[in-house]
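Hi,

Here's the structure I promised to pass along. Have a look at it first, and then read my notes underneath.

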Amino acid sequence: MMTAFLSQYWLSSILTANLEIIYMCVACQTSLDTAKMDAFGERVVDIFNQASLGLMISIGYRTGLFEAMKRLESSTSHEIAAIAKLDERYVREWLGAMTTGGIVDSEDGKTFQLPPAHAAMLTEDGEGECLAHLMQYIGLMGGVEDKIVDCFRHGGGVPYSEYPRFHEVMADDSRQSVVSTLLEHILPLSPGLILALKNGIRVLDVGCGRGYALRLLAEEFPKSEFVGYDLSAEAIDFAKAAAVREGLENIVFEERDLSSFDKDAPQEAFDLVTAFDAIHDQARPDHVLSGINRTLKPDGVFLMQDIGADSNIAANKKHPIGPLLYTISCMHCMTVSLAQGGLGVGAMWGEQLTKEYLCHAGFESVERHKLDHDIQNFYYIVRRVAA
Ligand SMILES: C[S@@+](CC[C@H](N)C(=O)[O-])C[C@H]1O[C@@H](n2cnc3c(N)ncnc32)[C@H](O)[C@@H]1O
């Protein structure tokens, strides 16, 4: 059935002449498993639907539609648009996608309601964990598709400047995945660290982005001193302005390219170095890690959060978000590193390669942790000297 659907609606109208020829060659082989082909065809159509919903969920998050609907009984598109202060025609079409996608309920096609259980996962400050903000990555990646296609043909990379919303989206992600669990779950991975922070130590965050994690630490531990480095002027300006607004006097942010950190890192200057999702997409993760080794005091700790994966692609087949992470890597993490003339190790460089890099950088002790709430990351507690 799906085969007929595909040939009727797709091959005749959409696919290129080349693909039609391939399809016909495949179809004339008598040994072809047509049930498998039909099932795969259905899956492809499902992927198309789900990918489209991803984009529309991103729009619902950014326009405040989910927030508006969270507080409403079943309402018309005009009522929803008025509350959200948006154009009704667009809201009605969006409601079409949300209703047929099973995200919004509607019996009559005229009034619409976001079920509380869905609202909990699509809005902030709800009972669940908001996931809608993650869908912003879909549009972010779509925005550079032409440039990535060009890189497939000619090599090279797409620079950060081509992703105008990257730091905003990354900060949304970081606030919910790292910052919200930093004090309760992440810091306790290194016994004694919280006490040391309370007593006063020097802390460096590499690739700090907009600085949400570091600002939380600076507020929580006023006797400690905090430094954040990042390549991005936009992210550093944001972090500096936020720190001033928050009245934080124990924190400094500096725009800095860490590609030669192995040579220019201040020696034995910090008790704690942190890197939240910020090593794999560096131009030179090897240089950054050597620099961290150099800048840590002998008994210091390096706390590194990075993508949790195996270095072997086939071993990641059961990874719950494998396709998503390889895609984000290809369309962002790997390519921004290559654009700096970097190594492009990619987000899915995996535990084995990560440990190799840490070992090369001179670290003698590496503990890898996984947290129950986090399906995406590994947390490495790393020391210069084995205990
Ligand atoms: C995935 S983001 C993580 C940001 C932040 N740690 C967070 O969790 O929100 C990686 C960060 O590394 C920074 N970065 C990339 N290449 C860099 C380089 N060569 N030197 C310094 N920072 C770099 C980027 O600007 C970006 O802010």
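Below is what I found, going from the overall layout to the core and then the ligand.

One thing up front: this is a predicted model. The protein chain has 387 residues, and 37% of them count as buried. You'll find 18 helices and nine strands in it. Along the principal axes, the C-alpha atoms fill a box of roughly 70 × 55 × 35 Å. If you look at contacts between residues at least 6 apart in sequence, 67% join residues at least 24 apart.

The chain is split into domain 1 (33-130) and domain 2 (142-383). Taken over C-alpha atoms, the centres of the two are 33 Å apart.

Now the inside. The largest nonpolar core has 92 residues, and the members touching the most others are Phe66, Val206, Val273 and Phe302. Both domain 1 (33-130) and domain 2 (142-383) contribute residues, so this core lies between them. To see one of its members in context, click on Val273: leaving out residues up to four places away in sequence, Val273 touches Leu204, Val206, Ile292, Thr295, Leu296, Gly300 and Phe302.

Then the ligand, which is probably where you'll want to start. There are 21 residues around it, and those that come nearest are Ser174, Gly207, Gly209, Leu231 and Leu258. By class, the shell has ten nonpolar, seven polar and four charged residues. Which helix gives the most to that shell? Helix α10 (residues 166-177) does, with three residues.

Cheers

Notes. Residues are numbered from 1 along each chain as its sequence is written. This is a predicted model: local features need pLDDT of at least 70, side-chain atom pairs count only at pLDDT 80 or more; totals for chains, interfaces and linings use all residues. A residue is near a molecule or strand if its C-beta atom, placed from the backbone, lies within 6 Å of it. Helices (H or I, at least four residues) and strands (E, at least two) are DSSP runs, numbered from the N terminus. Ala, Val, Leu, Ile, Met, Phe, Trp, Tyr, Cys and Pro count as nonpolar, Asp, Glu, Lys and Arg as charged, and the others, Gly among them, as polar. A residue is buried if 20 or more other C-beta atoms lie within 10 Å of its own, exposed if 12 or fewer, and partly exposed in between; C-beta atoms are placed from the backbone. Two residues are in contact if their C-beta atoms, placed from the backbone, lie within 7 Å. Domain bounds come from an automatic or database domain assignment. A nonpolar core is a set of buried Ala, Val, Leu, Ile, Met, Phe, Trp, Tyr and Cys residues joined through C-beta atoms within 7 Å.
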